[in-house]
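Visitor: I am new to this structure and should like to understand the terms used for it. Would you kindly take me through them?

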Amino acid sequence: DEDVLDGQDPLNYTVTYYASFDDADAGVNPLPTLYENITNPQVIYVRVDNDTTPNSICYDVTDLTLQVNPLPVFDLEDSYILCVDTNGTEVLDPLVLDTGLTTPDYSFTWYLNGTEIAGATEGSYMPIEGGTYSVTVVDEATSTETNCENTDETLVIESAPPTLVAEVTTQAFSENHVIEAEATGPGEYEYSLDNGPWQDSGLFEDVTSGEHVVVARDKNGCGLTALEITVLDYPKYFTPNGDGYHDTWNIIGFAGRADVKIYIFDRFGKLLKQISPSGQGWDGTYNGNPMPSSDYWFVVEYDEPIGGQRKEFKAHFTLKR
């Protein structure tokens, strides 16, 4: 009404709107105060009556065009994952917040946690940190009078490959070997042992002796970390027949340990060989002569990896020919 009266005193005039000129001229069937256009654009008619004259003798009618310009249409996801501190194992592509709209038809202003991001004036933006991002998009092409604008926001969540630690929590030569792994970082992580199935827990039980690989990965796809870990134990048998498989016998997992001493005996207690955990092991001979198929005993002296106590372990194994 204010625009129609153009400065005239609203106390002296009545403004009404009509769907047709005839209705406006006759002053019948006025449109309701809250009216939604039925076409776009739509021409309606406005009647202004001078209330200072009796019986509305003085009035005027003119047309008025209703045009609804649409808001910029785009939709950001509710949240996105941003991979940080990556190590090259991530499966997610670099994050881009994209409205799908472009300049010069639209102008853009991006915000991080409510603060305008300097220089961020395009239809897409690549975040470098987590937080609440929003963008205000203004339609510059449809109408310079309305410049319709729309705003949307999203939450960017940081995730990263884990920092991983793993250890054998059982003592050497235990019946049930246990590995415990722990992944830390901003992500949500899962674990795998030796390319086995993924699990939420970093606890692995009944692990065999020897070298193993523990892997923790980010469930969001931001990368993984792997560690090699050794379970101490000994082979229950060996077959020194020269075929390249199990031809020698040695303790598993003590390589490079200067504190370890290994002694091999026959079943009568005769010392046959002292071997190094870093060497090839025992080849099944004594003074160059092959020993027969039988059970043999060994004694290993070592510093326990957990606690460092000096220990001695005795057991037997089988030589098969």
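**Salt bridges, rings and charge**

Guide: Let us begin with Arg 217, which forms a salt bridge with Glu 190, their closest N and O atoms being 2.6 Å apart. The pair joins distant parts of the chain, with Arg 217 in strand β15 and Glu 190 in strand β13 (residues 189-193), 27 residues apart. Helices (H or I, at least four residues) and strands (E, at least two) are DSSP runs numbered from the N terminus. This is a predicted model, in which local features need pLDDT of at least 70 and side-chain atom pairs count only at pLDDT 80 or more, while totals for chains, interfaces and linings use all residues. Residues are numbered from 1 along each chain as its sequence is written, and side-chain values use heavy atoms, with hydrogens and water left out.

Visitor: Why is the contact of Arg 217 with Glu 190 called a salt bridge?

Guide: The term requires a side-chain nitrogen of Lys or Arg within 4 Å of a carboxyl oxygen of Asp or Glu. The closest N and O atoms of Arg 217 and Glu 190 are 2.6 Å apart, so the pair meets the rule. By this rule the count comes to nine salt bridges.

Visitor: What makes Glu 190 count as buried or exposed?

Guide: Buried means under 20% relative accessible area, exposed over 50%, and partly exposed in between (1.4 Å probe, protein chains only). Glu 190 has 14% relative accessibility and therefore counts as buried. Arg 217, at 29%, is partly exposed.

Visitor: Why does the pair of Asp 233 and Lys 236 count as a salt bridge?

Guide: Their closest N and O atoms are 3.9 Å apart, which satisfies the cut-off, so the name applies. Asp 233 is buried because its relative accessibility is 8%, whereas Lys 236, at 48%, is partly exposed. Salt bridges that share partners also join Arg 257, Asp 259, Asp 303 and Arg 310 into one network.

Visitor: Where do Lys 219 and Asp 200, which form a salt bridge, lie?

Guide: The closest N and O atoms of Lys 219 and Asp 200 are 2.6 Å apart. Lys 219 is in the loop between β15 and β16 (224-231) and Asp 200 in the loop between β13 and β14, 19 residues apart. Lys 219 is partly exposed at 33%, and Asp 200 is exposed at 55%.

Visitor: How many aromatic pairs are there in the whole structure?

Guide: A search finds 19 aromatic pairs. One of them joins Phe 21 and Tyr 45, at 6.1 Å centre to centre and 75 degrees between the planes, and is edge-to-face.

Visitor: Why is the pair of Phe 21 and Tyr 45 called edge-to-face?

Guide: Rings of Phe, Tyr and Trp (its six-membered ring) pair if their centres lie within 6.5 Å; planes under 30 degrees apart count as stacked, over 60 as edge-to-face and the rest as tilted. The pair of Phe 21 and Tyr 45 has 75 degrees between its planes, so edge-to-face is the correct term. Phe 21 lies in helix α2 (residues 21-26) and Tyr 45 in strand β2 (residues 42-50), so the pair ties together parts 24 residues apart in sequence. Phe 298 and Phe 317, at 6.2 Å and 45 degrees, form a tilted pair, and both are buried.

Visitor: How do you know that Asp 206 is exposed?

Guide: Its relative accessible area is 60%, so Asp 206 is exposed. Asp 206 is found in the loop between β14 (203-204) and β15 (210-218).
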